Every structure is written in structure tokens, then in C-alpha cells.
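Here's a quick tour of how some helices and strands fit together in this one. Have the structure open while you read.

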Amino acid sequence: MIADAFEALASEREQLERACALLDVSPAVREFLSYAVREFKVTLPVRMDDDSIRLFHACRVHHNDARGPCAGGIRLHPQATNDRIRALAMRMTWQCATVDIPLGGAAGCVVCDPHDLSRREQERLCRGLVRRLGTNIGPRRDVPSPDIMTSSQHIMWMTDEYEAMRSEHANGVMSGKPVTLGGSASRREAPGFGLVFTLREALRLLDIKPTGTTASIQGFGAVGQNAAKMYQQIGGTVVCVACWNQFDQMAYSFYKKEGIDIDELASITNYFGEIDKDRAADLGCEVLADDAWLSQDVDILIPAAFETQIAEENVSGIRDSVKLVAEGATAAITPGAAETIGERGIFHIPDAIANAGGIVCSYFEQVQSDSNYYWSADEVLGKLDVKLTEAFHAVQHISERRKLSMREAAQVIAVDRVARACQERGWV
Amino acid sequence: MKSRKNRVETLLLSLQERAKELECFYAVQSVLSTPNITLDEICRKLIEIIPPGWQYPELCTVKVSIGGSVYQSPGFVETPWSLSADILVQNRVVGFISVYYATNPASQYGRPFLDEESRLLNMIAARIGDHLWHGLESRMLSDWTSNMAQVPDDAKCEWQLALNSLRGTNPELYQRITRKMLNYLCWSGVPEAEQLLRSAWPSRASVGESDAPDDWNRPRQRHGIAFTSYLGARVFALASDHMDCPQILQLIQMWIQEDKQSFLVQLINTNVPVSTVADIIRRYHEMSKDPSFVPVQRTRGILIAMIRRFLSEQRAYVDVAKEMMEINDFHFLLDKMIYTNESHGRLGGKSAGLYLANQIVKKKASEYPILADIKTPRTWYVTSDVLFHFVHHCDFDELIEQKYKPIQQVRMEYPCISQAFAAVTFPEDIVRGLSTALDDFGTNPIVVRSSSLLEDSIGAAFSGKYKSLFLANQGSKRHRLEALTDAVAEVYASTFSPDAIEYRADRGLLDYNEEMGIMIQEVVGTKIGKYFLPAFGGVAFGCNEFLWSPRIKREDGLLRMVPGLGTRAVDRLGDDYPVLISPGNPGIRVNVTPSDVYRYSPGMMDVINLDTASFESVDIESFVGEVDGGFELFRDVFSAYRDDTIAAISPLGMDREREKPVATFDRLITRTDFLQRIRTMMNVLEDTLGFPVDIEFASDGTDLYLLQCRPQSPAEVCAPGVIPKYLEPEQIMFTARKHISNGYVPDISHIVYVDPDSYASLPSRGAMIEVGRAISELNKLLPRRRFILMGPGRWGSRGDIKLGVSVDYSDINNTSMLIEIAFQKGQYLPELSFGTHFFQDLVEAHIRYLPLYPDDPKVVFNRVFLRESSNRFAELVPGLAHLEHVIHVIDVPEATGGLLLTVSMNADRGEAVGYVCSPRDKRK
């Protein structure tokens, strides 16, 4: 594994520093929070299909578990770096704390390229990892979930190995399992619906009735599509949707002044959120350029596709009619653009809460699996609504009281919660 | 009233007699058709079964005399009341059969025998004669052999009796055998035989003595051997002095067989039309049904002549085919051939390739039982010269010159030719042939495929140059026949298409006549609802030219598979993907994450819609919903994609609300012997033919079918590049020696080089993302397929972008080549991606991939050229000019004084080189 002082960790520490400065946190706490509480490095000998043995290196970082068991992704990647994993674990700590779920942050990786491994070899690798990590993971210690190039199949192999080691059912040890084997209902819908729960609260705060508002959405995958459906349910009208077109290798925006029927549009969309361009035109949509979604005369913008989609160079394209931007994709808005948005008086729901539906649902999965009692889809969404509504108002409250942007407030509230937990436990 | 009653009784009696006669004739037929029956047995049975067929069986006796042997009914007495018929073989009387009444019956007709009885006896005699003509000699020899086994050793020279019998029945054959025996004795060095030959051929001595060089230019006089009874007796007396009886018998047996099969010699004459060949082969086939039939040595030359005439003149082909085929195979082949009366045509490359592959698979099945059930679909062949007959018949003779016209003119005229071909009628004999083929196919869908003679040439695969048309083959016979003739005309028209003519011109094949055979093949598949389709189809390559992991080797091969008709696996579609499998390493799949597996799986499938009688591409998800799982091997071909998980489909069916079908072939690979069968077949074909092959295959859910087999002839970009022997050091830009696939990428005008060190030292992630954006800009600006991308680590890195430039496929889709550079970092050598982030896109777009390891002391990496040549980046992408120290855009002609870059990769040698040289056109 490369010892690489990559900027991700430096960037996380910088954000921590800023939050700590605002919170007047003691230097000891500040320093403690900038490091992981535990790091495991393991070496995995794996028997390959040709009967040879190959060594793999893996690591798992527990950034902080003061508020509860650690949780976070585990990736299979050929060139993951230590600091990258540390940064991911730290980010996870803040994400859980922002939405006030009782989990700490962790991340992990196995240095490998799954493209070069057969299915059986991958299975042996996953099981080997769990055996090496041993009791350092578990429903009350560390709950790994899928990340880059890990799928629910990998998670299931790891869960099974853990249960075999313990000689008991303990599928709360992992989240991201197949729905049929302990995964949570509504996992696909949670990020999009969660986004609209926070959007609804923001509109209420701004004293705007959803009915009569219009929105433009970038991305029509799981997040964008479900957000659009829920937004339509609360009375809003989606007039523009942008998405990728694999065949043309470019994105398009689909615009319909009187409003797009989302179910109709979904019926001509593939699993990856790519809308059939010709059939959309048949439905009365104007097919516009890829970035046209940003410059529509709408009340709400929802970037729910990729990172850095609203940046310094295009932020000026946002029309004056826009009152609210909900950051549906992680880091969809660059810090500079977020600043401009704030200056123009546009309300910004940061990704830490607008995009937190997935993390909360992952926590719900762990709770359900650990108690071996599974909720209905409505129950999951109801609980998600409560959690995100509370999180939104808590962040907004700090934002208003401390005159911080919503993004800064989300970071500050998270650091505050973790720092206090550490102090209350008497750690620092 | 009484007279009416009499008439009825007479009629009844007459009918009874006819019934008896028919019974008798059937009984004779039955006896003559009995396998392995001897002549002795035949005669004994005849005297039993003939009397009941006569009006007065109780008075009837029979006498049969053949070749001196006489058989007669018990209590036989010659009387005046008799009927007799001669038994003729080749118009020579070899015996007779007689019927006698012991007393004169009081016949109501006033005569002892009826006219019908007389005709019956003649028919029986003729039938016996025919039977003797087809098998007399061999049957006799067989009898002799069996009798000889029972004869005591000291009495075994009884063969002379048999020879005497032959002298009586077929004196010409007797003479030929005598001559052969004389020659044989001479060759064996029997001095008396030599003397005998001289006496039978008086001039031989003088010829032998005057065999001087000065006589070489003087024609010899014609002399024949004077055959006498004495000579015959002397020859065989000599034979018995120098050989034992079994040896003589064996020789006689062999010569008789040779003599019987002598008519086959006509087949060597290539001027004999196909129809005559068919007659000769049919006769040989009938003859070979006889259990005593022994194919003789001479048929080997005839077999080779037939292979060369109908299948291929290529020596490599003939060498293999002669070991895998027998003359009789041509009987079945000719039976399925459609030709005109004067046709001299052949089958064409595609047909010949498939036919030989099928023969190899059948023959090798005894050694590799796993091949036993591999089939080929029912196929009919239209011979290659029918195209010319068709052109002539339609008065389009001037089209022969079409290929020499300017290509623009060819392009303009092609639609008219196509239309004109569709409007004309076929010669009558071809329509008749096609009609017979349709009767054979019934209403099974068929595909009309071109089978060009030029396809025979290695390196000219003609893939996609000529048409292959699927026909639903539904409706009335007339309608089906019209559709078939239209399809054949359309395939013929494609011979004159600009694409085909350009392709032939490029390969120097323009001056060769393009004779186009046609293969009409039953489509493999089953009916599912209104559709007809195979469970899956695909193409397999002996060599994998697209290695997606360093663990995969070229010789592991490659499968491209799709559900439904294999057309989508054969062609590269751009908007859809076949499933790629390495048969030698099936565990290493191109796509790993469930979402990638789903995205890069086939979205559409080709089927035949029987309702609309059309070839259609249908959406797989809709299709699965429509047919409701009624798909053979459904669970073997498809998996279920649900919640970002790929799992086996439940035996109870799919949950269509939550699950999507995704073609993975997982169960087919892991739970059946399919992969082993394909791999064994590919290995056997490669070992036997001596070169890697590509095959097309399909399965109807029950059986695996081989549809096509030809030498693997990669597209130019995937062909093994020639590594030039002599290159000046300054010509070489880079070399490589690890994980090389085949490829030849000439005439590169621009190199985009992302310097690994400068990239690694970029200050922020944002700057690295900008590099990706800059590459995307260059991808739009630089000439398509004339530039290459060289960069550090993993192109398209999705995680830590420090390890490779973060791009999507759309950012690099115009490049001709993607090069990943792995510089050693301390003790660590970075793993390269092998293009895995968009591997299937690269494959479908023919974009080549090459990994470079510049720290290897045995390779060249001209970093000075790449870093210090004039950099046009800032000029092309002024908005990102600050990245100029990272991204170098080198205009190769400008930097080298007019040269271009060529990258040549040769997997066989495990070498690749990028060098500058003159443009390809100038070199020509």
C-alpha cells in the first residue's frame, strides 16, 4: 500500500480545524479527532483457482466510535491509499453525526483489482478478510458496508463468514445486504425521498407552499427519479430533467413547460437513469443541451448526478427565480459556487443532509438486522422522514444562530456532537 | 342374372390370381433384399416360394439354373407343360428359371398358363438378373471365402472353381484379372511370368532391347496382349506355384472390387457436369451398401479430386479433408446441392469451412466423447457458378465488368442492380432445386448466407461484406419460394456492392472472378410465442486479442455470446454489448460490479417474428415479460438483477416487479459442460486444421450447433503487427514486452502524453480533474483515430485519481489507442487497469490498448521526445494552458519532419514497438 500524503485527508483535517475553531474545542480534542482511534492492517493469503497462493493487503480504519459502533464502506481497489481510507473514515464520522445517528465512522479496503479475480477467488478473499479482522468488526463494534467495487454479494460472503466464526446468526454485522437476506426495504428510494423530506422542510422555512413551485433536476437515476416522484407527490412540478445518454456519449436536458409527468418519463428510462431521447420528444419534451437544466426559470434546482456540477464557472447561469438548491449528489456544488449561491440569497441544503437518506437507511438496516425484526417500506420511510426532518432543523438552527452557511453548520454540528461524546466518555 | 353372377365369380377368381401373383413377386423381392443372403440360399428359397403364385400350386414344380448350378423342387419331373425365362446379366444369359406342371391341368382358359403368369416369371427372372448384376461377383467371392474356411487345408485351391465360374459369367473381367495377375507375377520377380509376358506381347523383347536414348524420340508401336485360354491357364498355374491359395483369392477379390468401382475414374475429369457427378456418386453409394463392399486404394485420388472440385483447392484444406472424408460423404452433400444442368460450380469458402469442421468434429467424437452431440443445422448449397447462370439468364452479362468501374459509379449503380435482381425470375432448374430444399426445410425459418469462393483465401474473411438474410419461411409454399428466390437474388446483388468491390480491390482480389455460392441453412431455435429464436448464439475465437486482465492469455480464447440469434455477437453494434467470456479462464470476467455487469450486458436480442415474418431486434426485458419465462435454458442464460445484486433466477420464476433479467450465462458456464464442449471443439479444430479458428454457434436449448468455421482472420487493427527488424534508434518512441496483444495502428499524427511525474506532482485534486477535462477537449479537437493517448497508471480511474487520469469513455472515444504507463515507485510497481473501466467500449470500437513498463531495462521509452518536442497543448486548449507541463500534444510530422507514428504489436513474439516512419500511402 502506498504511503501517500494525499490531499483528501488534509482537506478533511482542514474542515475539522475550521469547525473546531468555531466551536472553541480544546487542542487535545482537536488533535484526537484528527486521527483514527484504531487502524488494522492485515495480510490475506488467498488460494487462487490455479492452486497458487497470493498475498493481499487490507486495512480497516475506525476513525471514531464515541457515539456508537463504527460504520462505513469497504472497497476493493488496487491502489487505495492509507490516507484516503483515513479521510473516508473521518468523513463517515461527520456524516453519521450530522443526521444524529448513533454510529461512528470507519472505512476499509483490500488492495486488489476484482477484474483480475474470479468469483471464487473474490469469495475466498472476502472470507479471508473477515477471518483476519476477527472480532474487530461486529454489530456493536464495526459494521462494514459496500463501497467501490464491492457489491451486496461480497457483503453477503463476509456476513456468512462472520456468522460461521461466531456460530450464530449476526447479520447486523454488515449493511448493504440483499433485501432478501437482511437488507432494508426502500433502500433504493431512501436517498431520493430523503432529499425531498429536507426540501419540504426548507420550503416550509422559506414559507413557500410546494404546490405551484417548479424544479429542475440533474440526474434521473435512483436519487433523481425518486426525488422527482416525491416532489410531485407534495405538489411540485418538475419542468426539466437532465440525464446521460450512453449511446450519444453526452447528456441532454428534457424540458416541458407545463410540467413533466414523472411516471411517464420513468417508463422510458433505463435502470441507469438514461431517458430515451426520441420517446421523450414524443411525450412533448424539448430536448436541450446538457447544461440547460441549470439555467431554467424554476424555484428549485436539484443537482443529483455527479460531483462538482455547479462550479464557479457556471454558477452565474442560475436564474434569479431560483430560491433553493438541494445538493442531491455528494459534493455536487464546489465550495466557491456554494459561496456565490449563499451570497445571492439562495437557500442551500448541503449534501450532508440532502444526500443523507442512504446513510440513514443503512443504519436502519443494521438496526433491523441486529434485532431480527424488519420494517415495512412505509415504516422505513416514516422513520427516515422523522430523522431527516430533525437533522434539517438542527442544522438550520445552528446555521441561523451562528450565522453559518448550512454546509458549515452541518460540519460544525457533527464535530460538536462527536467532540462532546468523547469528552462525556472522559476520553479527552 | 346368372350371367351377371358368373361375371362376378370370374372377376373374383381373376382378382384372387392377381393377389397370388403379387404375393409371389413380393416374396421374391423379399428374398433378394435379405442382407448377407447367398446365391445358394436364394435359389433354394425361389423353388419354395414360386409355386404358390401359380394357378395350380399343387401341380407346380420349379427349376433354377445359374452359373452351372441347378436347383429344383422335390419330385421335379420335366413335362411338356412348362414356362421358362432366361436370367440375363448385362445381356448375357447366365441361367434360366422354369415352371412345370406335373400334369396338364384342366384349365378353364384352355391353356395351362395365364399371360399374367408368363409376365410374372419374366419379371422374376429380370429381378434375379438385376440382383446378380449388382452383387454377383462380390457375393460369389464372399461365398468362396466362407466355403474356403470350411475346406481342409490340402484342398484349399478350390478357388480355381470360382475363377472358372467367373470365366463363365463375366469373361471380360476374367481376362482383366488374368492380365493383372500376370503383371503382378512379373513385378514379384517370377521369371516364368516374364517369359510368359514376352510370349503374349511379342514386341516387348525388341522394345526392351532397343530402349536406347536415341530411340526416345521415336514413338513406340502399339501392341496389345493376345489373350488366349492357354494364357489364362498358364498365368494361374504360375500363380498357384508361387502363391498360396488365400493370397490368390485376396488378389482376385481386390481386383474384382477395383473393376466394379472403375466407373469412378470419370470423377477425375473436371469437365463432367455436377449432375453427372451426382449420378456416379449415387451409383457408388448404392454399391457401397453391399456388406461385402470394400473401398479400394484407387478411390483416394478420386476423393481428393472431389474435395478439390467441390470444396477447396487450398492444399492445407485438402490435406485435412482427405483424412476426414470418404467418397460416400459426397453422396449426402450432392443430395443437398442445387445446380443447373450444365453446372460445374462448387460450394464456396463458408460452406466448405463448415462442412470440414463438421466432419472433423464427427470423426474426433470417438476420441473426445464430449463432441458427440454437437450438430450442424440442415443445410442446402447453391453452387457458385449459378450466379453466372443467373446473370446470363437475366441478360445482365455486362455486370461482369462492374468491378472495374470507378467506385463512385459502382456506388451509384448499386441500388439499380439490387432492384433489377429483385425483379427477375430464376432459371427453372434452380427454382426446382430451391423448391425441393423448401420441402426439406418445411416451415422452419431459414437463413440465406453468402459463401464466396474468395472467402477461401486466408486474410480475406469478407465479414459483413456480403449479405446474410433470415427468412421466417411461413405461409404458402408459393409465398415461401418467392421469399427464398428474392433472398438469393439479394445476396447475389451484394456481390456487386461497392463495399464488397472495395474490399476485394484492397486485397488485390479484383481480377479474380467472384463466384458466389449460397448456403441455405435451417435457423437453429425453437418457437416461443410468436417468436422463433435459439436460446443463445455467439462466436468463439481461438485467440483472444482483447486481454482484459494480465491473467488472461491469448490462447485462452474468447467467446462473444448473446441470447437469441447470434447476429448481435458477430457484429459490433456500438449501442449494445455481448457477454465476453474467456473459455480458458472463465472466472475472470470483464465486468465485476453488478451495475457494470448489468450495463454491459445485451439489452436487445435478435429474433424472427413468425407473425410478421420478419427479423426483429426486441428489448430483452419486454421479451421476457411477453413470453413469461417460456424460454429454453432461461435460467442458464439469464440472471436476476435486483437491488444492485445479481443472483440466479428462482426456479419459481422472476419477480418482475423488482427483478430485471440480465444475460450473464452464469449457470450455463458453471452448471453445464457447455464451456468444456466449446473449448474442446476449438482445440480439436485448431489442432487438426493447424491454425486458430473462429466459429459461430447456437443452441436451441437442447443441442449445440456449429454454424460456421473459418480461420481466425482478425480485423486489421487486431492483426499481429510486423515488428520491423531494422529501426534506427531515433525512430523508436517506445517498446514493450509484457501483456502484449496483437494490433497494428499506423499513421498516427498526434501523441497526447500525460507525463506521469508532472501529473503526480499536481497540487490538488481539482487540477487532476482538469487534466481529465483537457483530455476530453483534445478528444474532440484532434483528428479521429489519428491520435494516441499515453498516460500514467489507470486511465478512467474512478477512485483515487492520482493513480490515473479521471475520464469517461466519452472523453477518449476518438483515440486510436490507449497506453498506460507504469513507472516503478520505490519497491512498488503500480497495477494497470488494462482498460477495464471501459473495456467493452474499447473492444466494440476497436480501440487498441497497450501497457508500458519503462523501468524494464530491455525496453525503450523515449521520454525526451515525448517531453521536449514542441507542445501544441496550450494552442489547442488555451483555457487550460497552465497544464502545459503535464499534457504534451506532439504533432508527429512537425516534430519528425513529416513522419508519422506507427504502433505495431505482436502477441506471438510478445513485443510491441512505437516508431516513426513515412506515411503508409507513401510507402506503398
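In strand S11 of chain B, B:Tyr531 is the bridge partner of B:Ile528. That pair is a handy way into a walk through two sheets, three helix pairs, a chain-chain contact and a domain split. Keep in mind that this is a predicted model.

**The sheet around S10 and S11 of chain B**

- The B:Ile528–B:Tyr531 pair belongs to a set of 3 bridges that join S10(B) to S11(B) (residues 531–533), and these two strands run antiparallel.
- Zooming out, you get an open sheet of 4 strands in chain B, ordered S10-S11-S15-S16 and paired antiparallel.
- Which strands stand at the edges, each with a single partner strand? They are S10 (526–528) and S16 (614–619) of chain B, so one side of each has no neighbour in the sheet.
- On average, neighbouring strands here are turned by 45 degrees against each other, if you ignore direction.
- There's a helix on top of this, too: H22 (residues 620–627) of chain B lies across S10, S15 (604–609) and S16 of chain B, and runs at about 100 degrees to S16(B).

**The sheet around S1 and S2 of chain B**

- Another open sheet in chain B has 4 strands in the order S2-S1-S4-S3, again with antiparallel pairing.
- S2 (69–72) and S3 (82–89) of chain B stand at the edges with a single partner strand each, so each of them has one side left without a neighbour in the sheet.
- Neighbouring strands of this sheet are turned against each other by 15 degrees on average, direction ignored.
- S1 (residues 60–66) of chain B is joined to S2(B) by 4 bridges, and the two run antiparallel.
- Two of the residue pairings to look up: B:Ser65 stands opposite B:Val70 in S2(B), and B:Val64 has B:Tyr71 in S2(B) as its bridge partner.
- What links S1(B) and S2(B)? They form a hairpin with 2 residues between them, and B:Gly67 in the turn has a positive phi of about 55 degrees.
- H2 (residues 39–49) of chain B lies across S1 and S2 of chain B, running at about 160 degrees to S1(B).

**Helix pairs in chain B**

As a reminder, packed helix pairs are described by the angle between their axes and the distance between those axes.

- *H10 with H13.* H10 (residues 274–288) and H13 (residues 327–335) of chain B pack at about 125 degrees, with axes 9 Å apart.
- That angle makes H10(B) and H13(B) oblique to each other, and their crossing is left-handed.
- On the H10(B) side the contact residues are B:Val277, B:Ala278, B:Ile281, B:Arg282, B:Tyr284, B:His285 and B:Ser288, which meet B:Ile327, B:Asn328, B:Phe330, B:His331 and B:Leu334 of H13(B).
- By class, the residues of the H10(B)–H13(B) contact come out as 7 nonpolar, 4 polar and 1 charged.
- *H5 with H9.* H5 (residues 171–187) and H9 (residues 245–260) of chain B pack at an angle of about 125 degrees, with their axes 10 Å apart.
- H5(B) and H9(B) are therefore oblique as well, and H5(B) passes H9(B) in a right-handed crossing.
- H5(B) brings B:Leu173, B:Arg176, B:Ile177, B:Lys180, B:Met181 and B:Tyr184 to the contact, while H9(B) brings B:Leu251, B:Ile252, B:Trp255, B:Ile256 and B:Asp259.
- The contact of H5(B) with H9(B) has 8 nonpolar residues, 3 charged ones and no polar ones.
- *H16 with H18.* H16 (residues 407–423) and H18 (residues 477–493) of chain B pack at about 150 degrees, with axes 9 Å apart.
- Angles over 145 degrees count as roughly antiparallel, so H16(B) and H18(B) get that label.
- The crossing of H16(B) and H18(B) is right-handed.
- B:Ile417, B:Ser418, B:Phe421 and B:Ala422 of H16(B) meet B:Asp486, B:Ala489, B:Glu490, B:Tyr492 and B:Ala493 of H18(B).
- The contact of H16(B) with H18(B) holds 6 nonpolar, 1 polar and 2 charged residues.

**Where chain B touches chain A**

- How many residues does each chain give to the contact? Chain B gives 30 and chain A gives 33.
- On the chain B side, the elements that give two or more residues are H21 (594–599) and H28 (809–812).
- H21(B) gives the most to that side, with 3 residues.
- The chain B side divides into 10 nonpolar, 9 polar and 11 charged residues.

**Domains of chain A**

- The domain assignment of chain A gives domain 1 (35–181) and domain 2 (190–354).
- The centres of domain 1 and domain 2 of chain A, taken over C-alpha atoms, are 34 Å apart.

Terms used. Residues numbered from 1 in each chain as written. Chains lettered and ligands numbered in written order. Predicted model: local features only at pLDDT ≥ 70, side-chain atom pairs only at ≥ 80, totals over all residues. Axes fitted to C-alpha atoms, helices over the stretch in contact; angles between N-to-C directions. Parallel < 35°, antiparallel > 145°, perpendicular 65-115°, else oblique. Left-handed = near helix turned anticlockwise from the far one by under 90°. Contact = placed C-beta atoms within 7 Å. Nonpolar A, V, L, I, M, F, W, Y, C, P; charged D, E, K, R; others polar. Pairing = 2+ DSSP bridges. Domains from an automatic or database assignment.
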